[in-house]
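Open the model in your viewer and keep the sequence panel beside it. The stops below say what to select next and what is there.

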Amino acid sequence: MCIRDRYQRRVHGNKEVKEGEEAEKLPPPQPKIELPPPPPPPKIFLTPAIIGRCVSQIGKTPNGLSYVYTKLLAEGQDIEIIGEAIETYKNLRSVSLAKNQISKFHEITTLPYLITFNGSQNQAEEIDFVGDKEKLPVSYTHLRAHETEADLVCRLLLEKK
């Protein structure tokens with residue numbers, strides 16, 4: 001094959017077509033259809049089912065008339081929002097919601113008997129209820145916090161009234 005023959009040939013799709021032959025007509029290219037972005041996944045709430053699996057330690061109520069769960073250990077559950085379900089467990093004294101995706105902890109202010117709270121390794125950038133005496137049902141608050149780019153490590157120690 002000489003150089004002239006090579007230049008007279010052209011490639012159409014996967015077929016080699018010689019000069020003068022008709023190539024198969026391909027349909028025109030379809031325009032790209034832009035799909036809307038998928039909806040964000042639903043937020044994961046702290047549900048009664050999660051709380052039921054994660055409560056422990058039974059103790060007496062403050063009035064001494066009955067027994068209740070006093071500890072919630074819901075670490076690593078991918079929880080994003082605490083929600084209202086925690087209000088049912090108002091006698092909790094120790095709550096650990098570490099290693100989740102929570103950005104706000106204001107719902108724990110509804111727990112009047114809370115003594116310890118661990119909210120480390122979450123998405124919270126600030127603890128907005130600390131120091132607000134109207135929001136905290138305690139007489140003394142001590143906060144130890146170590147903030148890094150990766151997470152906010154916070155342990156809230158509360159003294160009973």
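A contact here means heavy atoms within 4.5 Å. With that in hand, select Thr70, which sits in strand S4. Leaving out residues up to four places away in sequence, Thr70 touches Ser56, Gln57, Gly59, Asn91, Leu92, Arg93 and Ser94. At 7% relative accessibility Thr70 counts as buried, because the cut-off for buried is under 20%.

**The whole chain**

Zoom out before going further. This is a predicted model. The protein chain has 2 helices and 8 strands, and along the sequence they follow the pattern α-β-β-α-β-β-β-β-β-β. Of the 161 residues in the protein chain, 28% are buried. Among contacts between residues at least 6 apart in sequence, 36% join residues at least 24 apart.

Now colour by pLDDT. The mean for the protein chain is 75, and 63% of its residues reach 70 or more. Select residues 10–14: the pLDDT there is below 50, and beyond near neighbours in sequence this stretch has 7 contacts in the model. Then select residues 135–161, where the pLDDT is also below 50. That stretch has 68 contacts in the model beyond near neighbours in sequence. Where pLDDT is low, the predicted coordinates should not be read in detail.

**From Thr70 to strand S3**

Return to Thr70 and add Gln57, which lies in strand S3. The C-alpha atoms of Gln57 and Thr70 are 5.6 Å apart in space, while the two residues are 13 apart in sequence. Apart from residues up to four places away in sequence, Gln57 touches Val68, Tyr69, Thr70 and Lys71.

Next select Thr61, in the loop between strand S3 (55–60) and S4. Is Thr61 buried or exposed? Its relative accessibility is 10%, so Thr61 counts as buried. A polar atom of the Thr61 side chain lies 3.5 Å from the backbone nitrogen of Leu65. Neighbours within four places in sequence aside, Thr61 is in contact with Ser66, Val68, Asn91 and Arg93. Asn91 and Arg93 are also among the residues that Thr70 touches.

**The nonpolar core**

Select Leu46, Leu72, Ile82, Val95 and Leu97. These are the residues with the most contacts inside the largest nonpolar core, which has 21 residues. Helix H2 (residues 48–54) supplies the largest share of this core, 3 residues.

Keep Val95 and show its surroundings. Which residues is Val95 in contact with, leaving aside its neighbours within four places in sequence? They are Leu72, Leu111, Leu114, Thr116, Phe117 and Asn118.

**The aromatic pair**

Phe117 leads to the next stop. The structure holds 1 aromatic pair, formed by Phe105 and Phe117. The arrangement is edge-to-face, with the ring centres 5.1 Å apart and 70° between the planes. Phe105 lies in the loop between strand S5 (94–96) and strand S6 (116–118), and Phe117 lies in strand S6, so the pair ties together parts that are 12 residues apart in sequence. Both Phe105 and Phe117 are buried.

**Asn122 and its polar neighbours**

Move along the chain to Asn122, in the loop between S6 and strand S7 (140–147). Asn122 is buried, with a relative accessible area of 4%. Add Asn100 to the selection: the two residues are 22 apart along the chain, and their C-alpha atoms are separated by 5.2 Å.

Show the side chain of Asn122. One of its polar atoms lies 3.3 Å from the backbone nitrogen of Asn100. A polar atom of the same side chain lies 3.1 Å from the backbone oxygen of Gly119.

**The salt bridge**

Finish with Glu80 and Lys43. The structure holds 1 salt bridge, and it joins Glu80 with Lys43, with the closest N and O atoms 3.7 Å apart. Glu80 lies in the loop between strand S4 (67–73) and S5, and Lys43 in the loop between strand S2 (15–17) and H2, so the pair ties together parts that are 37 residues apart in sequence. Turn on the surface to see how each partner sits. Glu80 is partly exposed, with a relative accessible area of 24%, whereas Lys43 is exposed, at 51%.

Methods: Residues are numbered from 1 along each chain as its sequence is written. This is a predicted model: local features need pLDDT of at least 70, side-chain atom pairs count only at pLDDT 80 or more; totals for chains, interfaces and linings use all residues. Side-chain values use heavy atoms; hydrogens and water are left out. A nonpolar core is a set of buried Ala, Val, Leu, Ile, Met, Phe, Trp, Tyr and Cys residues joined through side-chain atoms within 4.5 Å. Buried means under 20% relative accessible area, exposed over 50%, partly exposed in between (1.4 Å probe, protein chains only). Helices (H or I, at least four residues) and strands (E, at least two) are DSSP runs, numbered from the N terminus. Rings of Phe, Tyr and Trp (its six-membered ring) pair if their centres lie within 6.5 Å; planes under 30 degrees apart count as stacked, over 60 as edge-to-face and the rest as tilted. pLDDT is the predictor's confidence in each residue, from 0 to 100. A salt bridge is a side-chain nitrogen of Lys or Arg within 4 Å of a carboxyl oxygen of Asp or Glu. A polar contact is a pair of N or O atoms within 3.5 Å; within protein, one must be able to donate a hydrogen and the other to accept it, and residues adjacent in sequence count only if both atoms are side-chain atoms.
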